[in-house]
Every structure is written in C-alpha cells, then in structure tokens.
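Hi,

Here is the structure I promised to pass on. Have a look at it first, and then read my notes below.

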Amino acid sequence: MENATKLMSLISKAGKEYVCIMQVHCDYKMDELKEIVNQFIGEIYQRPPVRSSVKRRTRKRRVYSIDILETEGRLVLMKIASEPGTYMRKICHDIGILLGCGAHMRELRRTRSGIFTEDSNLVTLHEISEALYMYKHCKDESDLRRILLPMEFAVCGIPKVVIDDDAVNAITYGATLNAPGVVAFQNFKKGENVAIMTLKGEIVAIGESNINSNELQNVKKGIVVKPKRVLMERDVYPKGWKKNEKD
Amino acid sequence: MYKFLEKIDYFCNYSNSWNILREAQTDDKYGFYPDKRPIEVLLRNAIINLDKPAGPTSHEVAYWVKKMFNLNKVGHGGTLEHV
C-alpha cells in the first residue's frame, strides 16, 4: 500500500508456487503420468496460451519441482514451484499432449509468491474489513496491526546493508551509497540487488551493488550501492551532507 | 543494531551473516522502528498477504482495499490467470 507498492516488482519477480487441479481426458497409468510430469521439471519451453497478457512467443522457464499430491479418477492435484511467468494452464495442457489424450487445468491457487506464503499472515477481505471497523469505531488498532506487515519484510530474501542516520536523507534524494555511510552489511556480490536499511530497521531504498561485499572491509570510499528504487520519503531524516560542508 | 532487522530474515528463513563495520547510534527523533510505527504511518508502508476469493480479479480486489483504507495507491503482486 502507498510506499510499499514500489516493492511490488521485487515480489512479482520472485519464485512462485502453485497448487493446481488438472483434469486428464482419459484413463491413465500412474507410472506413465509420473514419468511425463518429471519431464517438465527443469528448463521448459512454453508458448503462452491464446488468452494471455504477454506476447505469444515461445519462452524459456524453469520449473523447480512438480509433486503429485493426490489423484481421484481423472483429476490430479499437483504442487508446482516455478519461475514467475510460467503458465500452469499450459503445463497441464502439455502433459495432456504427452499422455496422448489431452488434459486441462480445472483450478489453480498460488501458495507462494516470493517470501509470501499461505502459512504466514494470510488474511481474507472479511478480516481486513473487521479489523478496519475495530480501528475506526472502537479505536482498537490491534487487529489491524496483525494484518499489516511492515513493507520491510519484502526484502527478507535479499542482502541488506545498514547505514548511518546521516546518510539516510541523501539517498532519498537519489545519491549513491558510499562506503563511509555503511555501518553493517550482509554478504553480497557485485551487481546484486541490495536493500539499504536504517539502524532502526527501516528500508530506505533498493539498489544494485557496485562492489563485492568482501571489499567493503578494506575500502574507505567509493560507491557501494546505486539506488534503483527509493522507498523512504524525503526529509524524514535530517540532511547529513550540509553539516559536512560546514565542517 | 536493532533486533527488527534480524526478525526480517527470520520471516523467510533467510540466512546471511551480518558484518559490523563500526558502532553507530540512531537518533529516535527521526523515522520510526518498523514494528512501532504509528498506525497511520504503518498504513502507508505496509503489505497485506491477502487470500483473494475466487471470482473478482486481483485488480478489483486491490481497488476495493484501496477504497476501504482510503489510500491513493494499492498494488498487487501479480495475477494468476491473465485474461
């Protein structure tokens, strides 16, 4: 919501996990189905279905795993983990082709998007509406606090650097993060996405690292991270750079 | 260093050790600890892990949430089936 929407690209580019029901159009042997399903694990080529939002051009996607959870007659319940942009409908269809008689997807549910899973903090629209009611009419914000995840959780899976209070505001104005501002860091490689955090744990920006983190111990100056997306509003922290000019 | 930073990594079982370069203090006058933000600030800097009902599209649900909270911007993390 609001500032946190800037983090959505990070989440939509992260790995996904789905549970889907496939209906096979004929009776099949379990061994045969398992063997075919296993062929879909790894790199696959996929042409998006007719009704799709992307250009229908064959593209390569990685499927990490497919587990057959349950079968009932011609219905197969599968759990699939894959790269974003993999069409489950197409996987079902293609499995059907290899089986020789066709298959299609009946139902689909995404169970994980990046770090957000079904198991943690999943809420319904009803719960949101009730929590909002409690907040607005009963002045009780505890339910709302349980629902709203601080946006910082979105950067859970990427390396982080913690910076000095003085360096915060410059970054919200688009400056690069230079070595003197860094207080602590997690290990990262050059060119990786890195989250810039304050000492309080707030996210300031996400950027691309300019060096390898093991160089940080030795360098005293130079660019560490080039911000790509600034999350924090300007002037929350005081201007650190003006002070330096006077010194 | 504030313990909330460790809580972030714990959230998704991310392990990457911290290297501390130097000691530094933060001034409580500026910014907020993410888990202690006033609710109005949290509202503008939060994510909801929403269990979308079957039927309405992700865009529709995002729009409803936007109206419910009376916010300017609400996004969603991608649709299952693009139509």
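Cys92(A) counts as buried, with a relative accessibility of 0%. One thing to keep in mind from here on is that this is a predicted model. Is Cys92(A) bonded to another cysteine, or too far for a bond? The closest cysteine sulfur belongs to Cys20(A), and at 3.7 Å from the sulfur of Cys92(A) that is too far for a bond, because a disulfide needs the two sulfurs within 2.5 Å. Another cysteine, Cys138(A), is partly exposed, with a relative accessible area of 42%.

Cys92(A) is one of the buried residues of α3(A), and its buried company there includes Met88(A), Ile91(A), Ile95(A) and Leu99(A). Lys90(A) and Asp94(A) are on that buried list too, as is Gly96(A). The helix has twelve residues and reaches 17 Å from its first C-alpha to its last, close to the 16 Å expected at 1.5 Å a residue. What covers the buried residues of α3(A)? The cover includes helix α2 and the strands β1, β2 (42-46), β3 (59-72), β4 (75-82) and β5, which belong to chain A. After α3(A) comes Gly100(A), with a positive phi near 95°.

Now to the cysteines that do bond. The count is two disulfides over all chains.

One of them joins Cys26(A) to Cys101(A), with 2.0 Å from S to S. The link is left-handed, with -65° about the S-S bond. Cys26(A) is in the loop between β1 (16-24) and α2 (30-39) of chain A, and Cys101(A) is in the loop between α3 (88-99) and β5 (103-113) of chain A, so the bond ties together parts that are 75 residues apart in sequence. Cys101(A) is partly exposed, its relative accessible area being 27%.

Another disulfide joins Cys156(A) to Cys12(B), at 2.2 Å from S to S. This link is left-handed as well, with -100° about the S-S bond. Why does this pair join two chains? Cys156(A) sits in the loop between β8 and β9 of chain A and Cys12(B) in the loop between α1 and β1 (18-20) of chain B, so the bond runs from one chain to the other. Cys156(A) is buried, with a relative accessible area of 0%, whereas Cys12(B) is partly exposed at 21%.

Next, the aromatic rings. There are four aromatic pairs over all chains. In one of them, Phe153(A) and Phe4(B) are tilted, with 5.6 Å centre to centre and 55° between the planes. Phe153(A) lies in the loop between β8 (149-150) and β9 (160-163) of chain A, while Phe4(B) lies in helix α1 (residues 4-11) of chain B, so this pair joins two chains. Both Phe153(A) and Phe4(B) are buried. They also belong to a cluster linked by ring pairs, together with Phe116(A) and Phe11(B).

Tyr33(B) is worth a look too. Lys200(A) lies over the face of its ring, 5.9 Å from the ring centre. Lys36(B) also lies over the face of Tyr33(B), at 5.3 Å from the ring centre.

Then there is α3(B), which covers residues 58-69 of chain B. It has twelve residues and reaches 17 Å from first C-alpha to last, close to the 16 Å expected at 1.5 Å a residue. Which residues of α3(B) are buried? They are Ser58(B), Val61(B), Ala62(B), Val65(B) and Phe69(B). Seen down the axis of α3(B), these buried residues fall within an arc of 100°, so they line one face of the helix. His59(B) and Lys67(B), on the other side, are exposed. The cover over the buried residues of α3(B) includes parts of both chains: α4 (125-138) and α5 (142-147) of chain A, along with α2 (39-44) and β3 (49-50) of chain B. Just after α3(B), Asn70(B) takes a positive phi of about 60°.

One last spot is Gly240(A), in helix α7 (residues 240-246) of chain A. This glycine is buried, with a relative accessible area of 4%. Gly240(A) and Ala167(A) are 73 residues apart in sequence, and their C-alpha atoms are 6.0 Å apart in space.

Cheers

Conventions:
Residues are numbered from 1 along each chain as its sequence is written. Chains are lettered from A and ligands numbered from 1 in the order in which they are written. This is a predicted model: local features need pLDDT of at least 70, side-chain atom pairs count only at pLDDT 80 or more; totals for chains, interfaces and linings use all residues. Side-chain values use heavy atoms; hydrogens and water are left out. Rings of Phe, Tyr and Trp (its six-membered ring) pair if their centres lie within 6.5 Å; planes under 30 degrees apart count as stacked, over 60 as edge-to-face and the rest as tilted. Helices (H or I, at least four residues) and strands (E, at least two) are DSSP runs, numbered from the N terminus. Buried means under 20% relative accessible area, exposed over 50%, partly exposed in between (1.4 Å probe, protein chains only). A charge sits over a ring if NZ of Lys or CZ of Arg is within 6 Å of the ring centre and within 35 degrees of the ring normal. The expected span of a helix is 1.5 Å times one less than its number of residues. The arc is that of the directions from the helix axis to the C-beta atoms. Contact means heavy atoms within 4.5 Å.
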